[in-house]
Amino acid sequence: MSGVDVQVNRERCVGAGMCALTAPEVFTQDDDGFSEVRGGTAATAGHPLVRDAARACPVGAVTLTDD
């Protein structure tokens with residue numbers, strides 16, 4: 001899974017926080033409650049729960065793109 005780009009669409013995000021609850025090592029929430037990908041994209045893309053976190057988003061704001 002090393003060739004995966006992880007992103008959060010901030011326009012779509014509603015701040016449900018399911019990604020941060022599912023994979024807190026990969027996602028966090030900013031001061032306004034919207035999700036963000038933590039730094040170190042190589043580590044985040046390879047995290048075992050990153051696909052589960054993307055599926056957990058109720059509005060599909062988390063996207064995974066193969067490079």
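A disulfide here is a pair of cysteine sulfur atoms within 2.5 Å. By that yardstick the structure, which is a predicted model, holds zero disulfides. Cys13 is in no disulfide, and the nearest cysteine sulfur, that of Cys57, sits 6.5 Å away. Cys19 is likewise in no disulfide; for Cys19, too, the nearest cysteine sulfur is that of Cys57, at 6.4 Å. As for solvent, Cys13 counts as buried at 10% relative accessibility, and Cys19 is buried with a relative accessible area of 4%.

Now for the overall layout. The chain has three helices and four strands, and reading from the N terminus the order is β-α-β-β-α-α-β. Of its 67 residues, 31% count as buried. The accessible surface comes to about 4000 Å², with 47% of that belonging to carbon and sulfur atoms. Among contacts between residues at least 6 apart in sequence, 57% join residues at least 24 apart.

Strand β1 (residues 4-8) shows a neat two-sided pattern: Val4, Val6 and Val8 point to one face and are buried, while Asp5 and Gln7 point to the other face and are not buried. That fits the general picture, since in a regular strand the side chains alternate between the two faces of the sheet. β1 pairs with strand β4 (residues 62-66) in the antiparallel sense, over five bridges. Within this pairing, Val8 stands opposite Val62 in β4.

Val62 turns up again in the interior. The largest nonpolar core has 15 residues, and Phe27 and Val62 are those with the most contacts inside it. The elements giving two or more residues to this core are β1, α1 (18-22) and α3 (50-56). Leaving aside neighbours within four places in sequence, Phe27 is in contact with ten residues' worth of company that includes Val6, Val8, Cys19, Ala20, Val50, Ala53 and Val62. Glu36, Val37 and Arg38 are also among the contacts of Phe27.

Ser35, in strand β3 (residues 35-37), is tucked away as well: Ser35 is buried, with a relative accessible area of 3%. Beyond residues up to four places away in sequence, Ser35 touches Val8, Arg10, Cys13, Gly17, Cys19, Thr28 and Gln29. That list brings back both Cys13 and Cys19.

On the charged side, a search of the whole structure finds three salt bridges. In one of them, Asp30 pairs with Arg10, the closest N and O atoms being 2.8 Å apart. This pair links distant parts of the chain, 20 residues apart: Asp30 is in the loop between β2 (27-29) and β3, and Arg10 is in the loop between β1 and α1. Asp30 is buried, with a relative accessible area of 17%, whereas Arg10 counts as partly exposed at 42% relative accessibility.

Another salt bridge joins Arg51 and Asp66, with the closest N and O atoms 4.0 Å apart. Arg51 lies in helix α3 and Asp66 in strand β4, so the pair ties together parts that are 15 residues apart in sequence. Here Arg51 is partly exposed, with a relative accessible area of 34%, and Asp66 is exposed, at 59%.

The remaining salt bridge is between Arg55 and Asp52, where the closest N and O atoms are 2.5 Å apart. Because Arg55 and Asp52 are three residues apart in helix α3, about one helical turn separates them. Arg55 counts as exposed at 61% relative accessibility, while Asp52 counts as partly exposed at 33%.

Terms used
Residues are numbered from 1 along each chain as its sequence is written. This is a predicted model: local features need pLDDT of at least 70, side-chain atom pairs count only at pLDDT 80 or more; totals for chains, interfaces and linings use all residues. Side-chain values use heavy atoms; hydrogens and water are left out. Buried means under 20% relative accessible area, exposed over 50%, partly exposed in between (1.4 Å probe, protein chains only). Contact means heavy atoms within 4.5 Å. Accessible areas come from the Shrake-Rupley method with a 1.4 Å probe; for residues, only the protein chains shown count as cover. Two strands pair if DSSP finds at least two bridges between them. A nonpolar core is a set of buried Ala, Val, Leu, Ile, Met, Phe, Trp, Tyr and Cys residues joined through side-chain atoms within 4.5 Å. A salt bridge is a side-chain nitrogen of Lys or Arg within 4 Å of a carboxyl oxygen of Asp or Glu.
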